[in-house]
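Me: I am new to reading protein models and would like to practise with some questions. Could you show me the one we will work on?

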Amino acid sequence: MKSILSFFLCTMLVCPLLSACQGSGNTGTPSESDTDQSVSAGDPSAPAADEVVARVGDTEILYSQLAEQMVMLEAMYSGLSEQFTPEQLHEKLHDAALSSLETLISQQILNSKIDEYGLTLTPEEQQEAGQAWDQTIENVTNMVRQDYPDLTGADLDAMVQATLEVSGQEKQTVVDNAARSILVRKLKEQVMSETPRPNRQKVEKFYSSLLAEQREQFDQDVTQFESAMIMGEPVVYVPQDYRVIQEIHLKFDDEVVQLLNQMEQYDTDDSNSYEEMLSLEYQRLQEESISKLYHQLEEGVAFSQLMEDTKPGSSNTFNYVCEDTTRLSQAYQQAALSISRPGETYDTPIQQSRGYTILHWADSLEAGEIPLEEVYDLLEQQLLEEDRNQTWTDLQSQWRQETLVEIFEDRLGYCPREGQNEKNWYLF
């Protein structure tokens with residue numbers, strides 16, 4: 001509840017700050033349309049919402065666009081106003097405005113490149129963009145439910161709508177932003193696809209460098225090897241003989257876990273209710289799930305298939321255990337190293353704090369160097385991704401340099417409104 005109330009309060013305090021004072025040092029010459037409308041119709045001192053703060057080629061970036069970018073930054077700095085002098089706050093907000101403006105400039109340059117490349121959305125991509133609003137509604141609803149668990153029906157819908165309104169999220173804006181993100185992604189994919197694949201000499205050099213680095217790191221700390229393997233990073237050196245372990249996790253139901261946590265917190269020395277319920281849950285898992293899984297294994301069902309049946313997608317996950325492994329519990333390590341041979345499952349499930357884990361010896365890794373040919377494709381792909389990302393970064397820098405950009409920095413200053421406390425700074 002506190003998070004939502006804080007957000008409402010913060011937004012209510014910040015919105016008035018977006019009204020700006022006219023700066024006497026504003027030397028930029030606005031176009032005739034620059035003064036057509038103001039941010040706040042009831043505030044004659046507020047600047048025009050369509051005042052030009054930058055030009056990117058033939059496209060103008062307006063005050064109203066920058067103000068939208070600055071709302072949350074204003075909120076953040078308003079909460080820190082007592083920690084800065086007025087001059088310090090003025091400088092930080094000015095720098096934040098410049099940074100936000102640079103983001104808008106980059107977006108406009110990308111928009112022009114999207115048009116230049118003739119990129120458009122397919123019907124499927126248009127549908128994907130349209131679903132962004134549904135996802136936004138779902139995210140906000142989940143957030144409201146966490147803070148207001150008793151709200152249901154019309155009351156819940158009303159709070160969700162109020163949260164959306166205060167945060168300034170509108171359906172068309174969300175969908176348009178999603179569509180733009182898809183187009184930027186397509187632009188990035190197209191320019192990155194033109195990056196040539198690294199040659200063999202570059203891959204071999206990378207392999208040699210990585211081998212020397214990992215030999216030193218992994219010999220000193222096997223945990224670094226295990227972490228690299230689990231994270232799917234390129235590995236070319238194995239410091240010790242390892243067992244590749246697969247796991248099936250059987251956990252208590254979420255509702256049971258919540259109840260047990262509450263009972264554990266409030267249980268007393270005179271009550272055994274927590275221990276009794278915990279024991280019953282372990283017994284239930286043994287009778288209902290574990291005995292069934294071991295029976296299926298005896299009938300010849302593959303362990304990986306049982307992993308998929310228990311949790312889809314889990315059959316592609318592995319753990320790595322050796323004699324010097326320290327990141328796992330002693331019970332886990334001993335069980336993994338006690339399995340007789342590859343392809344077998346440990347005959348006793350390991351009891352965890354809220355469930356059981358069944359271990360299976362899936363494969364082995366021998367200590368030493370992994371031959372280049374076994375990891376060549378993986379190393380080549382990593383180098384290619386690095387080259388592609390660098391290509392994208394370099395192109396964006398090149399496009400920025402090639403584009404005629406005018407920034408009216410004198411319109412981005414912060415000044416106190418007349419008659420207000422000098423610590424309250426306003427845009428423009």
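Me: Is serine 100 buried or exposed?
Reply: First, a word on what we are looking at: this is a predicted model, in which local features need pLDDT of at least 70, side-chain atom pairs count only at pLDDT 80 or more, and totals for chains, interfaces and linings use all residues. Residues are numbered from 1 along each chain as its sequence is written, and side-chain values use heavy atoms, with hydrogens and water left out. A residue is called buried under 20% relative accessible area, exposed over 50% and partly exposed in between (1.4 Å probe, protein chains only). Serine 100 has a relative accessible area of 7%, so it is buried.

Me: In which helix is serine 100 found?
Reply: Helices are DSSP runs of H or I with at least four residues, strands are runs of E with at least two, and both are numbered from the N terminus. Contact means heavy atoms within 4.5 Å, and serine 100 touches Leu66, Gln69, Met70 and Leu73, not counting residues up to four places away in sequence. Serine 100 itself is found in helix 3.

Me: How many helices and strands are there in the protein?
Reply: Of the 428 residues of the protein, 38% count as buried. As for helices and strands, the protein has 13 helices and 11 strands.

Me: Why does the span of helix 13 agree with what we should expect?
Reply: The expected span is 1.5 Å times one less than the number of residues in the helix. Helix 13 covers residues 372-402, which is 31 residues, so it should span 45 Å. The computed distance between its end C-alpha atoms agrees with this: 42 Å.

Me: At which residue does helix 13 bend?
Reply: A bend at a residue is the angle between axes fitted to the seven residues ending there and the seven starting there. For helix 13 this angle is about 30°, and the place is leucine 378.

Me: What covers the buried residues of helix 13?
Reply: The buried residues of helix 13 include Leu372, Val375, Tyr376 and Leu379. An α-helix has 3.6 residues a turn, so residues three or four places apart point the same way. The cover over the buried residues of helix 13 includes helix 3 (86-116), helix 6 (171-192) and helix 7 (200-220).

Me: Which residues of the largest nonpolar core touch the most other members?
Reply: A nonpolar core is a set of buried Ala, Val, Leu, Ile, Met, Phe, Trp, Tyr and Cys residues joined through side-chain atoms within 4.5 Å. The largest one has 45 residues, and strand 1 (52-56), helix 2 (63-78) and helix 13 are among the elements that each supply at least two of them. Touching the most other members are Ile61, Leu101, Leu187, Trp392 and Trp399.

Me: Which helices hold the two partners of the salt bridge between glutamate 102 and arginine 400?
Reply: A salt bridge is a side-chain nitrogen of Lys or Arg within 4 Å of a carboxyl oxygen of Asp or Glu, and this pair meets at 2.7 Å, N to O. Glutamate 102 is partly exposed at 28% relative accessible area, and arginine 400 is partly exposed at 26%. The pair ties together parts that are 298 residues apart in sequence, because glutamate 102 lies in helix 3 and arginine 400 in helix 13.

Me: How many salt bridges does the count come to?
Reply: Another example joins glutamate 60 and arginine 55, with the closest N and O atoms 3.4 Å apart. Arg200, Glu204 and Glu373 are linked in a network of salt bridges. The count comes to 15.

Me: Which residue in strand 7 is the bridge partner of isoleucine 248?
Reply: Two strands pair if DSSP finds at least two bridges between them. Strand 4 (residues 242-251) and strand 7 (residues 355-365) pair in the antiparallel sense over 10 bridges. In strand 7, the partner of isoleucine 248 is isoleucine 358.

Me: How far apart in space are phenylalanine 252 and arginine 354?
Reply: Phenylalanine 252 sits in the loop between strand 4 and helix 9 (254-266), and it is buried, with a relative accessible area of 3%. Arginine 354 is among its contacts, leaving aside neighbours within four places in sequence. The two residues are 102 residues apart in sequence, yet from C-alpha to C-alpha the distance is 5.9 Å.
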